[in-house]
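Subject: Structure handover

Hello,

Here is the structure I promised to pass on. Please open it first, then read my notes below.

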Amino acid sequence: MYETAVLATVALMLISAVDYVRRALIRETDPVPATWVLMVVMMTLACWTYCQSPTKSWTANIAVITGTFSTLFILGWVLYLNVARGSLHVAFDRVQRWCLLGGAGVVAFWFITRNALISYTLVQGIGLIAYIATARRLWNAKKSTEPLFFWVCVLLANLCAIYPAWAKSDTFSWIYLARTIPTTSGMIFLIARIKGRMATTE
């Protein structure tokens with residue numbers, strides 16, 4: 001059961017990332033580079049602070065590990081496609097800039113305190129702030145550039161990651177899942193709401 005849950009998490013994250021890139025390649029979506037840069041920074045920080053823990057496990061917190069590689073994979077392709085199409089423009093809004101500064105603050109905090117758990121929790125707090133700003137934009141948006149399939153796969157992957165977190169009693173994993181499952185569910189709701197609104201106006 002443990003191995004199955006871990007493999008399911010990895011498979012779903014891989015499927016979501018590959019499908020996201022596929023949609024970007026055929027111009028079905030138009031990813032914003034700044035958004036993915038911020039996501040990579042936050043996921044990398046989460047993975048890095050987790051790796052500072054003496055109780056770290058590559059499988060117990062599989063959602064963070066695979067999420068980090070997934071966002072790196074997507075960002076690489078998003079940057080490549082924008083460069084190839086001559087449309088690369090990375091501009092951070094005010095909230096994103098504050099989140100990046102917060103990330104730098106977390107790194108400084110860790111070097112001063114060497115407290116992996118608090119540093120990791122602070123990263124999740126920054127991720128929540130970034131989500132709230134995104135949710136506010138999506139609430140009033142008339143069109144979504146985000147594919148619903150991607151976020152559904154991410155949600156399912158995180159749900160699969162619950163069992164490894166429970167089996168290994170991994171506090172770090174529980175903190176991440178407690179943040180990401182509600183926010184991913186919120187993304188699905190907001191994207192579905194936009195698509196439903198678009199369908200009624202056609």
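Start with the contacts in the protein chain. Take those between residues at least 6 apart in sequence: 82% of them join residues at least 24 apart. Please keep in mind that this is a predicted model.

**Overall build**

The protein chain has 8 helices and 0 strands. Its pattern along the sequence reads α-α-α-α-α-α-α-α. The C-alpha atoms fill a box of roughly 55 × 40 × 30 Å along the principal axes.

How does the radius of gyration of the protein chain agree with that of a compact globule? For 202 residues, such a globule would have a value near 17 Å, and the protein chain has 17 Å, so the two agree.

**Surface and charge**

Of the 202 residues, 46% count as buried. The accessible surface comes to about 10500 Å². Carbon and sulfur atoms account for 70% of that surface.

The charged side chains split into 17 positive and 8 negative. The centres of these two sets lie 7 Å apart.

**Salt bridges**

Side chains of opposite charge can pair when their charged atoms come close. In this model the count comes to 3 salt bridges. Here they are in turn.

- Asp-19 with Arg-22: the closest N and O atoms are 3.0 Å apart. Both residues sit in helix α1, which covers residues 2–25. They are 3 residues apart, about one turn of the helix.
- Arg-23 with Asp-19: the closest N and O atoms are 2.5 Å apart. Arg-23 and Asp-19 are 4 residues apart in helix α1, so about one helical turn separates them.
- Glu-28 with Arg-23: the closest N and O atoms are 2.4 Å apart.

Through shared partners, these salt bridges join Asp-19, Arg-22, Arg-23 and Glu-28 into one network.

Which of these residues are buried, and which are partly exposed? Asp-19 has a relative accessible area of 12%, so Asp-19 is buried, as the cut-off is under 20%. Arg-23 is at 14% and also counts as buried. Arg-22 is partly exposed, with a relative accessible area of 39%. Glu-28 is partly exposed too, at 47%.

So the network has buried members, Asp-19 and Arg-23, and partly exposed members, Arg-22 and Glu-28.

**One residue to look at: Leu-79**

Now go to helix α3, residues 62–84, and find Leu-79 there. Is Leu-79 buried, exposed or partly exposed? Its relative accessibility is 28%, so Leu-79 counts as partly exposed.

What does Leu-79 touch, leaving out residues up to four places away in sequence? The answer is Pro-33 and Leu-88.

Val-32 is worth finding as well. Leu-79 and Val-32 are 47 residues apart in sequence. In space, their C-alpha atoms are 9.4 Å apart.

**For your first viewing**

Begin with helix α1 and pick out Asp-19 and Arg-22, which both lie in it. Add Arg-23, the salt-bridge partner of Asp-19. Then add Glu-28, which pairs with Arg-23. Finish at Leu-79 in helix α3, with Pro-33 and Leu-88 shown as its contacts.

Best wishes

Terms used. Residues numbered from 1 in each chain as written. Predicted model: local features only at pLDDT ≥ 70, side-chain atom pairs only at ≥ 80, totals over all residues. Heavy atoms only, no water. Helix = DSSP H or I, 4+ residues; strand = E, 2+ residues; numbered from the N terminus. Rg over C-alpha atoms; globule rule 2.2 N^0.38 Å. Buried < 20%, exposed > 50% of the residue type's maximum accessible area, 1.4 Å probe, protein only. Contact = heavy atoms within 4.5 Å. Areas by Shrake-Rupley, 256 points an atom, 1.4 Å probe, with all protein chains shown as cover. Lys, Arg positive; Asp, Glu negative; His and termini not counted. Charge placed at Lys NZ, Arg CZ, Asp CG, Glu CD. Salt bridge = Lys/Arg side-chain N within 4 Å of Asp/Glu carboxyl O.
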